[in-house]
Amino acid sequence: MAGNMKKKTARVEEKREKRPYAVAKYIRISPYKVRTVLDLIRGKSVADAKAILEHMPNGGAAPTCKVLMSAVANAEHNMGMDRNDLFVAECYANGGTMLKRMQPVSKGRGHAILKRTSHITVVLDVKKAEGEL
């Protein structure tokens, strides 16, 4: 029995993400609105992405900037990477749970209002040097 557990642990470990990342869950903004912000920083260096996010008026920019800086801190602290060598490899926003509210309408009826939440994930990676493959 213990042999199977060890095999399962090994499988989980090899599938685990090796790159630094950060996740913010249950952010009170629609994933649709956050994705427009994430499309602008995908593939950019950390410095460029931070500058873009700090000067954006969109509501999803502030939480995305926090997640980006958390991923950078994870890379520096946990993996000993240099902030200047990092870029945004992946970033995505998945839908979280929805807060369900009711809007009263005529004849005693009610319409449902879904207040959406997002799970924002930012994955960083190290830039390849010119000579490397």
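Three short exercises with worked solutions follow.

This is a predicted model, where local features need pLDDT of at least 70, side-chain atom pairs count only at pLDDT 80 or more, and totals for chains, interfaces and linings use all residues. Residues are numbered from 1 along each chain as its sequence is written, and side-chain values use heavy atoms, leaving out hydrogens and water.

**Exercise 1.** Find which element gives the largest share of the largest nonpolar core.

Solution. Step one: know the term. A nonpolar core is a set of buried Ala, Val, Leu, Ile, Met, Phe, Trp, Tyr and Cys residues joined through side-chain atoms within 4.5 Å. Buried means under 20% relative accessible area, exposed over 50%, partly exposed in between (1.4 Å probe, protein chains only). Step two: the largest core has 25 residues. Step three: elements giving two or more residues to this core include α3 (46–54), α4 (61–79) and β5 (118–126). Helices (H or I, at least four residues) and strands (E, at least two) are DSSP runs, numbered from the N terminus. Step four: α4 gives the largest share, seven residues.

**Exercise 2.** Decide whether H119 is buried or exposed.

Solution. First, place H119: strand β5. Next, take its relative accessibility, 16%. H119 is therefore buried.

**Exercise 3.** Explain how far apart E54 and K50 sit along helix α3.

Solution. First, E54 and K50 form a salt bridge, with closest N and O atoms 3.7 Å apart. The term needs a side-chain nitrogen of Lys or Arg within 4 Å of a carboxyl oxygen of Asp or Glu. Next, count along α3: E54 and K50 are four residues apart, so about one helical turn separates them.
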